[in-house]
Amino acid sequence: ACGAVVSVDTTSSSVAAFALDGGASIVNDVSAGRDDPEILSLCARYGSPIVLMHMLGKPNNMQNNPRYDDVVTQVRDFLAERMEAAVSAGLARERVIVDPGIGFGKLLEHNLALLARTGELAKLGRPVLIGPSRKQFIRELGGGDAPQERVAGTVAACLCAWRRGATIFRVHDVGQLAGALRVAGAIEKSSENH
């Protein structure tokens with residue numbers, strides 16, 4: 001009714017179907033279709049975009065000493081594989097959004113590498129969603145103990161990822177990020193004109 005695009009955060013095809021029937025437009029699956037593969041063909045039938053997110057492990061154990069040889073390469077390869085699974089299930093490639101899963105089975109150095117090398121994820125040719133909002137890694141960098149004190153760090157993380165090709169951001173503080181992106185976009189546009 002208010003013109004907002006609604007997404008549903010679920011790994012269940014039955015929950016996704018209920019939400020899509022109720023007016024949701026996008027499915028956000030933190031398991032990237034691994035928990036319930038039917039969610040991929042469901043999105044294909046509905047013509048609904050799906051966000052495929054990388055997570056190492058499960059929510060209850062994902063932060064138990066996560067290890068990577070090269071986090072960006074491994075996350076990119078995982079997202080490419082899950083994108084092919086979605087396409088094989090009948091989903092149009094244009095309906096896939098990829099999310100490296102900032103904070104989901106990642107230590108500080110992993111999150112920083114993914115943000116710094118977002119461009120490598122953008123080379124998958126699909127929109128990159130970044131969700132750093134108020135997360136623990138910002139606190140670890142001195143960005144505020146309480147979650148509501150981490151807005152500046154969230155905006156900084158989003159701007160860095162935006163400069164490297166991210167186009168969708170999951171944040172709590174929408175107004176602050178929208179304002180920062182308007183200013184950064186104006187600066188970028190001005191530099192292109194000179």
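Let's start with helix α3 (residues 71-88), which lies across β3 and β4 and runs at about 145 degrees to β3. Keep in mind that this is a predicted model. From that helix we can work outwards to the sheet, then to a few single residues, and finally to helices α7 and α8.

**The sheet**

- Four strands make an open sheet, lined up as β1-β2-β3-β4, and their pairing is parallel.
- Who stands at the edges? β1 (7-9) and β4 (96-99) do, and each has a single partner strand, so one side of each is left without a neighbour in the sheet.
- On average, and ignoring direction, neighbouring strands of this sheet are turned by 20 degrees against each other.
- As background, strands of a sheet pair through backbone hydrogen bonds, and they can do so in a parallel or an antiparallel way.

**How the strands line up**

- Strand β2 (residues 26-29) runs parallel to β3, and three bridges join the two.
- Across that pairing, Asn28 stands opposite Val51 in β3.
- On to the next pair: strand β3 (residues 50-53) and β4 also pair in the parallel sense, this time over four bridges.
- Here Val51 stands opposite Ile97 in β4, while Met53 stands opposite Asp99.

**Two faces of a strand**

- In a regular strand, side chains take turns between the two faces of the sheet.
- You can follow this in β3: Ile50 and Leu52 sit on one side, Val51 and Met53 on the other.
- Are these β3 residues buried or exposed? All four of those named are buried, so both faces of the strand are covered.
- β4 tells a similar story, with Val96 and Val98 pointing one way and Ile97 and Asp99 the other way, and all are buried.

**Strand, helix, strand**

- β2, helix α2 (residues 38-46) and β3 build a right-handed β-α-β unit.
- β3, α3 and β4 make a right-handed β-α-β unit too.
- That puts β3 in both units, as a partner of α2 and of α3.

**Residues worth a look**

- Val6 is found in the segment before β1.
- Val6 is partly exposed, with a relative accessible area of 42%.
- Leaving out residues up to four places away in sequence, Val6 touches Ala24, Ser25 and Ile26.
- Val6 and Ile168 are 162 residues apart along the chain, and their C-alpha atoms are separated by 14 Å.
- Most residues other than glycine have a negative phi.
- Ala32, in the loop between β2 and α2, goes against that habit with a phi near 55 degrees.
- Ala32 is also buried, with a relative accessible area of 0%.
- Asn65 has a positive phi of about 55 degrees even though it is not a glycine, and you'll find Asn65 in the loop between β3 and α3.

**Helix α7**

- α7 has 13 residues and reaches 18 Å from its first C-alpha to its last, close to the 18 Å expected at 1.5 Å a residue.
- Which residues of α7 are buried? They are Val151, Thr154, Val155, Ala157, Cys158 and Ala161.
- These buried residues cover an arc of only 165 degrees around the axis, which puts them on the same side of α7.
- An α-helix has 3.6 residues a turn, so residues three or four places apart point the same way.
- The face turned away from the buried side carries the exposed residues Ala152 and Arg163.
- The cover over the buried residues of α7 includes α4 (108-116), α5 (118-122), β5 (129-130), α6 (136-140), β6 and α8.
- Just after α7 comes Gly165, which takes a positive phi of about 115 degrees.

**Helix α8**

- Helix α8 (residues 174-192) has 19 residues, which should span 27 Å at 1.5 Å a residue; the end C-alpha atoms are 27 Å apart, so the two agree.
- Leu177, Gly179, Ala180 and Ala184 are buried in α8.
- They cover an arc of only 165 degrees around the axis, so they lie on the same side of α8.
- What do the buried residues of α8 pack against? They pack against α7 (151-163) and β6 (168-169).
- Turned away from that buried side is a face with the exposed residues Val174, Gly175, Arg182, Lys189 and Glu192.

Technical notes:
Residues numbered from 1 in each chain as written. Predicted model: local features only at pLDDT ≥ 70, side-chain atom pairs only at ≥ 80, totals over all residues. Heavy atoms only, no water. Expected span 1.5 Å × (residues − 1). Buried < 20%, exposed > 50% of the residue type's maximum accessible area, 1.4 Å probe, protein only. Arc of directions from axis to C-beta. Contact = heavy atoms within 4.5 Å. Pairing = 2+ DSSP bridges. Axes fitted to C-alpha atoms, helices over the stretch in contact; angles between N-to-C directions. Right-handed = clockwise from strand over helix to strand, strands pointing away.
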